[in-house]
Amino acid sequence: MGLAQRQQIDNDAVTGPPGGGHVLGSLFATIGRIFFYRCSHSPWNPTIGLARSLLAAGTLGTLLATPAAVLLSPLAGAGPAPHCVGTGRLSLWCILPAHHAEEAKWISVAILAVAASGWRPRWTALPHWYIAWSLIASATIQDGGDQVTSDLLLLLLPVLLTDVRRWHW
């Protein structure tokens, strides 16, 4: 009555179609080759050094081209800058008294110049990020480039803090 014995088809994810290869086995082998290739190359190379130097040079240019009084110019309807609220209270311009804005600027310039030179990436990574973050947290005159710099440096911190080279070049 049309009852024929059902044929068992072995078509699962591991063995694949009958007579075919191992689907997951070849996928894992491909992933393993890609992972091994990526892990066999060091992330601490001159390319990351160049990127970090360019980030430092951009912030350095902003600070050198802009007087401290303009960086911290008062906003309409707000009190005098810097506005030290929330986590912004931890920025360099809020830690130093308001009348020492010029000193904060030159401290930042010195740290950025050392970071841009490539000396001791492990030691200068955190101060470099701190200066970039302080600028966007306190300055009233900022642009998107300063914010991108701070975000990129935060993402680079794990790599930079494990960089044991004397120079990143």
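**Exercise 1. Locate Arg 120 and say what is unusual about its backbone.**

Solution. Arg 120 is found in the loop that runs between α5 (101-117) and α6. The structure is a predicted model, and in it Arg 120 has a positive phi of about 40 degrees, although this residue is not a glycine.

**Exercise 2. Describe which secondary structure elements make up the protein chain, and in what order.**

Solution. Begin with the count: the protein chain has seven helices and zero strands. Reading along the sequence then gives the pattern α-α-α-α-α-α-α. As for burial, 31% of the 169 residues of the protein chain count as buried. Finally, among contacts in the protein chain with a separation of 6 or more, 70% come from residues 24 or more positions apart.

**Exercise 3. Work out how α5 and α6 are oriented to each other, and which residues make their contact.**

Solution. The axes of these two helices come within 9 Å and cross at roughly 135 degrees. Angles over 145 degrees count as roughly antiparallel, and since the value here is roughly 135 degrees, α5 and α6 are oblique to each other. Their crossing is left-handed. On the side of α5 the contact is made by Ser 108, Ile 111, Leu 112, Val 114 and Ala 115, and on the side of α6 by Thr 124, Pro 127, His 128 and Ile 131. Sorted by class, the contact of α5 with α6 holds six nonpolar and three polar residues, with no charged residues.

**Exercise 4. Carry out the analysis for α6 and α7: find their orientation and the make-up of their contact.**

Solution. Helix α6 (residues 121-138) packs with helix α7 (residues 144-161) at an angle of about 160 degrees, and their axes are 9 Å apart. That angle makes α6 roughly antiparallel to α7, the cut-off for this description being over 145 degrees. The crossing in which α6 passes α7 is left-handed. Residues of α6 in the contact include Trp 129, Trp 133 and Ile 136, while those of α7 include Leu 153, Leu 154 and Leu 157. By class, the residues of this contact of α6 with α7 divide into 13 nonpolar, four polar and two charged.

**Exercise 5. Decide whether Leu 92 and Pro 82 are buried or exposed, and list what surrounds them.**

Solution. Take Leu 92, whose place is in helix α4 (residues 92-95). Its relative accessible area is 11%, so Leu 92 is buried, given that buried means under 20%. Setting aside neighbours within four places in sequence, Leu 92 is in contact with Ala 104, Ile 107, Ser 108, Tyr 130, Ile 131 and Ser 134. Leu 92 and Ser 138 are 46 residues apart in sequence, yet 8.3 Å apart in space, C-alpha to C-alpha.

Turn now to Pro 82, which lies in the loop between α3 (68-71) and α4. With 13% relative accessibility, Pro 82 counts as buried. Not counting residues up to four places away in sequence, Pro 82 touches Leu 72, Trp 93, Cys 94 and Ser 138.

**Exercise 6. Find how many salt bridges the whole structure has, and name the residues that form a salt bridge.**

Solution. Side chains of opposite charge can pair when their charged atoms come close. A search of the whole structure finds one salt bridge. Asp 163 forms a salt bridge with Arg 165, and the closest N and O atoms are 2.7 Å apart. Asp 163 has 1% relative accessibility and therefore counts as buried.

Conventions. Residues are numbered from 1 along each chain as its sequence is written. This is a predicted model: local features need pLDDT of at least 70, side-chain atom pairs count only at pLDDT 80 or more; totals for chains, interfaces and linings use all residues. Side-chain values use heavy atoms; hydrogens and water are left out. Axes are lines fitted to C-alpha atoms, for helices over the stretch in contact, and angles run from 0 to 180 degrees between N-to-C directions. Helices (H or I, at least four residues) and strands (E, at least two) are DSSP runs, numbered from the N terminus. Angles under 35 degrees count as roughly parallel, over 145 as roughly antiparallel, 65 to 115 as roughly perpendicular and the rest as oblique. A crossing is left-handed if the near helix is turned anticlockwise from the far one by less than a right angle, and right-handed if clockwise. Contact means heavy atoms within 4.5 Å. Ala, Val, Leu, Ile, Met, Phe, Trp, Tyr, Cys and Pro count as nonpolar, Asp, Glu, Lys and Arg as charged, and the others, Gly among them, as polar. A salt bridge is a side-chain nitrogen of Lys or Arg within 4 Å of a carboxyl oxygen of Asp or Glu. Buried means under 20% relative accessible area, exposed over 50%, partly exposed in between (1.4 Å probe, protein chains only).
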